[in-house]
Amino acid sequence: QVQLVESGGGLVQAGGSLRLSCAASGSIFSINAMGWYRQAPGKQRELVAGITSGGNTNYADSVKGRFTISRDNAENTVYLQMNSLKPEDTAVYYCNAIVTTTRGGYLEVWGQGTLVTVSS
């Protein structure tokens with residue numbers, strides 16, 4: 001089994017910053033891609049940012065220039081640095097990983113979610 005544990009959410013004023021972390025553990029041979037999604041109340045879950053094992057990144061247009069995704073492959077951890085936060089960034093943020101297991105299988109794994117609230 002593979003688990004993702006997120007941390008770093010909380011309440012911040014508009015214009016502030018937060019850093020989310022997500023650590024993967026379990027029967028991991030390699031992690032092919034990691035990403036952050038978010039879901040605001042009444043809305044569908046959307047991709048915020050993704051990063052491949054080689055370090056290629058992609059971002060939602062709404063966060064480009066404000067958010068930065070990075071990963072530590074040795075620690076199986078992905079980060080999301082969020083700057084210049086806006087009230088519309090308020091959502092539950094979920095970590096996602098595409099994992100090759102030690103048994104040679106592939107898993108898509110989700111974290112439990114961490115709430116980010118941006119006050120105006």
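This report covers strands, salt bridges, a nonpolar core and a few chosen residues.

The model is predicted: local features need pLDDT of at least 70, side-chain atom pairs count only at pLDDT 80 or more, and totals for chains, interfaces and linings use all residues. Residues are numbered from 1 along each chain as its sequence is written, and side-chain values use heavy atoms, with hydrogens and water left out.

## Strands and sheet

Strands here are DSSP runs of E, at least two residues long, numbered from the N terminus. Two strands pair if DSSP finds at least two bridges between them.

An open sheet is built from four strands. Their order is E1-E3-E8-E7, and the pairing is antiparallel. Strand E1 (2–7) and strand E7 (67–72) are at the edges. Each has a single partner strand, so one side of each lacks a neighbour in the sheet. From one strand to the next, the twist averages 15°. (Strand axes are lines fitted to C-alpha atoms, and angles run from 0 to 180 degrees between N-to-C directions.)

Look inside the sheet at strand E3 (residues 18–26) and strand E8 (residues 77–82). Six bridges pair E3 and E8 in the antiparallel sense. One residue pair to find is Leu-18 with its bridge partner Met-82 in E8.

Next comes a hairpin. Strand E9 (residues 91–101) and strand E10 (residues 106–110) run antiparallel, joined by five bridges. Val-99 is opposite Leu-107 in E10. Four residues lie between the strands of this hairpin, and Gly-104 takes a positive phi near 90°.

## Salt bridges

Side chains of opposite charge can pair when their charged atoms come close. A salt bridge is a side-chain nitrogen of Lys or Arg within 4 Å of a carboxyl oxygen of Asp or Glu. The count by this rule is four. The table includes three of them. For exposure, buried means under 20% relative accessible area, exposed means over 50%, and partly exposed lies in between (1.4 Å probe, protein chains only).

| Salt bridge | N to O distance |
|---|---|
| Arg-38 and Glu-46 | 2.8 Å |
| Lys-64 and Asp-61 | 3.1 Å |
| Arg-66 and Asp-89 | 2.7 Å |

Are Lys-64 and Asp-61 buried or exposed? Both are exposed. Arg-66 and Asp-89, in turn, are both buried. Arg-66 is in the loop between strand E6 (57–59) and E7, while Asp-89 is in the loop between E8 and E9. The pair links distant parts of the chain, 23 residues apart. Salt bridges that share partners join Arg-38, Glu-46, Arg-66 and Asp-89 into one network.

## Arg-38 up close

Arg-38 is in strand E4. Arg-38 counts as buried because its relative accessibility is 6%. Its salt-bridge partner Glu-46 is partly exposed, at 35% relative accessible area.

Polar contacts are pairs of N or O atoms within 3.5 Å; within protein, one must be able to donate a hydrogen and the other to accept it, and residues adjacent in sequence count only if both atoms are side-chain atoms. The side chains of Arg-38 and Tyr-93 make one at 2.9 Å.

Contact means heavy atoms within 4.5 Å. Leaving aside neighbours within four places in sequence, Arg-38 has contacts that include Gln-44, Val-63, Phe-67 and Asp-89. Val-48 is ten residues from Arg-38 in sequence, and their C-alpha atoms are 6.6 Å apart.

## The nonpolar core

In soluble globular proteins, nonpolar side chains tend to be buried together. A nonpolar core is a set of buried Ala, Val, Leu, Ile, Met, Phe, Trp, Tyr and Cys residues joined through side-chain atoms within 4.5 Å.

How many residues does the largest nonpolar core have? It has 31 residues. Those with the most contacts inside it are Trp-36, Val-48, Phe-67, Val-78, Leu-80, Met-82 and Tyr-93. Several strands each supply at least two residues of this core, among them strand E5 (46–52) and strand E11 (114–119). E9 gives the most, with five residues.

## Two buried threonines

Thr-77 is in strand E8. Thr-77 is buried, at 8% relative accessible area. Its side chain reaches the backbone oxygen of Glu-75 at 2.9 Å. Not counting neighbours within four places in sequence, Thr-77 has contacts including Cys-22, Met-34 and Ser-70.

Thr-114 is in strand E11. Thr-114 counts as buried, at 12% relative accessibility. A polar atom of the Thr-114 side chain lies 3.3 Å from the backbone nitrogen of Gly-9. Beyond four places in sequence, Thr-114 touches residues including Glu-6, Leu-20 and Tyr-93.
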